[in-house]
Amino acid sequence: MKSQTLKALIPLVAICLAAALLLGVFNLITEKPIQENSLRTAMETRRRLMPKAANFEETTVEPGSGIDSCYLGVDEQGSPVGYVAAATVNGYGGEVVVTLGMNLSGRLTGLDVGGDNFSETAGLGALAKEPAFTGQYVEKTLPLTLVKAPAQADADSVEAISGATRTSTAVNDGVNHIGAYLLRLMESSQL
């Protein structure tokens, strides 16, 4: 009985080992292209949010600041034009990466919402990624409040996504947090 069990287990163990080996090889093959694609996507996002910048220089982020990354955008002559920074907030479905562009006069130049783990509800919170929502932030200054009706919106507010208040609030709080960080950074570096 034991020898029959062992004979039956040998092919199963061989199949498991072969599958594990193939998964390991596949991971090694795809790891570098995935990382390169992620870096390329991040650079494209920075360029979209800060179109006047020709290059970006990574800046040191203060520990405990809640900021994931921060880049100084510089023009063709190397003169600073603004910053692009990102922070992760908690939306309704989990992590939401908020990436914000701000010029040196404190005006927002763009907003990107998403991230690798973005899982907000389709048709509701997922609308936070759409230009109809993110476009409301462009050319505004901080702090911004969130309103529920278009009639309430003004220069210091943005309209929440109907049915996705938690996601809208998380994104808006992220924008205000990143913006405050960037304003402090600009003040301390006197750009």
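**Exercise 1. Find the hairpin of E2 and E3, and say how the two strands pair.**

Step 1. Start at the turn: E2 and E3 make a hairpin with five residues between them, and Gly78 in that turn has a positive phi of about 90°. Keep in mind that you're looking at a predicted model.

Step 2. Now check the direction. E2 and E3 pair in the antiparallel sense, over six bridges.

Step 3. Pick out one pair to look at: Val74 stands opposite Pro80 in E3.

**Exercise 2. Follow E3 onward to its next partner, E4.**

Step 1. Count the bridges between the strands: nine of them join E3 to E4, and the two run antiparallel.

Step 2. Look for a pair here too. Ala86 has Thr99 in E4 as its bridge partner.

Step 3. Go round the turn. The hairpin of E3 and E4 has four residues between the strands, and Gly94 takes a positive phi near 130° there.

**Exercise 3. Decide whether E3 is mostly covered, then zoom in on Tyr83.**

Step 1. Take the whole strand: eight of the eleven residues of E3 are buried, so "mostly covered" is a fair label.

Step 2. Place the residue. Tyr83 sits in strand E3, which spans residues 80-90.

Step 3. Apply the cut-off. Buried means under 20% relative accessible area, and Tyr83 has 3%, so Tyr83 is buried.

Step 4. Compare sequence with space. Tyr83 and Met186 are 103 residues apart in sequence, yet their C-alpha atoms are 8.9 Å apart.

**Exercise 4. Describe the nonpolar cores.**

Step 1. Begin with a general idea: in soluble globular proteins, nonpolar side chains tend to be buried together.

Step 2. Go to the largest nonpolar core, which has 33 residues; Tyr137, Val171, Val175 and Leu182 have the most contacts inside it.

Step 3. Ask who supplies it. At least two residues of this core come from each of strand E2 (69-74), E3, strand E4 (95-103), strand E5 (108-114) and helix H3 (165-189). H3 gives the most, with eight residues.

Step 4. Try one member up close. Leaving out residues up to four places away in sequence, Val175 touches Val98, Leu100, Leu108, Leu111, Tyr137 and Leu142.

Step 5. Don't stop there: apart from this core lies another one, of seven residues, including Met50, Ala53, Phe56 and Val81.

**Exercise 5. Find nonpolar residues on the surface.**

Step 1. Look at Leu6, Leu9, Leu12, Val13, Ile15 and Leu17. They form a nonpolar surface patch, with about 600 Å² of accessible area together.

Step 2. Choose Val13, which is in helix H1 (residues 2-49).

Step 3. Is Val13 buried, exposed or partly exposed? With 46% relative accessibility, Val13 counts as partly exposed, because that class runs between the 20% and 50% cut-offs.

**Exercise 6. Track down the salt bridge and say what it ties together.**

Step 1. Recall that side chains of opposite charge can pair when their charged atoms come close.

Step 2. Use a cut-off of 4 Å between the side-chain nitrogen and the carboxyl oxygen. By this rule the count comes to one salt bridge.

Step 3. Name the partners: Asp112 and Arg48, whose closest N and O atoms are 2.8 Å apart.

Step 4. Asp112 lies in strand E5 and Arg48 in helix H1, so the pair ties together parts that are 64 residues apart in sequence.

Step 5. Check the cover on one side. Arg48 has 47% relative accessibility, so Arg48 is partly exposed.

**Exercise 7. Explore the loop between H2 and E6.**

Step 1. Find Glu139 in this loop. Its phi is near 75°, a positive value in a residue other than glycine.

Step 2. See what Glu139 touches. Not counting residues up to four places away in sequence, that's Arg107 and Leu108. Glu139 and Arg107 are 32 residues apart in sequence and 5.3 Å apart in space, C-alpha to C-alpha.

Step 3. Move to Lys140, in the loop between helix H2 (131-134) and strand E6 (145-147). Is Lys140 buried or exposed? Its relative accessible area is 16%, so Lys140 is buried.

Step 4. List the contacts of Lys140, leaving aside neighbours within four places in sequence: Gly106, Arg107, Leu108, Asp154, Ala155, Ser157 and Val158.

Step 5. Finish at Pro143, also placed in the loop between H2 and E6. A cis peptide bond joins Leu142 to Pro143, with omega about -5°.

How values were computed. Residues are numbered from 1 along each chain as its sequence is written. This is a predicted model: local features need pLDDT of at least 70, side-chain atom pairs count only at pLDDT 80 or more; totals for chains, interfaces and linings use all residues. Side-chain values use heavy atoms; hydrogens and water are left out. Buried means under 20% relative accessible area, exposed over 50%, partly exposed in between (1.4 Å probe, protein chains only). Contact means heavy atoms within 4.5 Å. A nonpolar core is a set of buried Ala, Val, Leu, Ile, Met, Phe, Trp, Tyr and Cys residues joined through side-chain atoms within 4.5 Å. Patches are made of residues with over 30% relative accessible area and no salt bridge: like charges are joined within 9 Å, nonpolar side chains (Val, Leu, Ile, Met, Phe, Trp, Tyr) within 5 Å. Accessible areas come from the Shrake-Rupley method with a 1.4 Å probe; for residues, only the protein chains shown count as cover. Two strands pair if DSSP finds at least two bridges between them.
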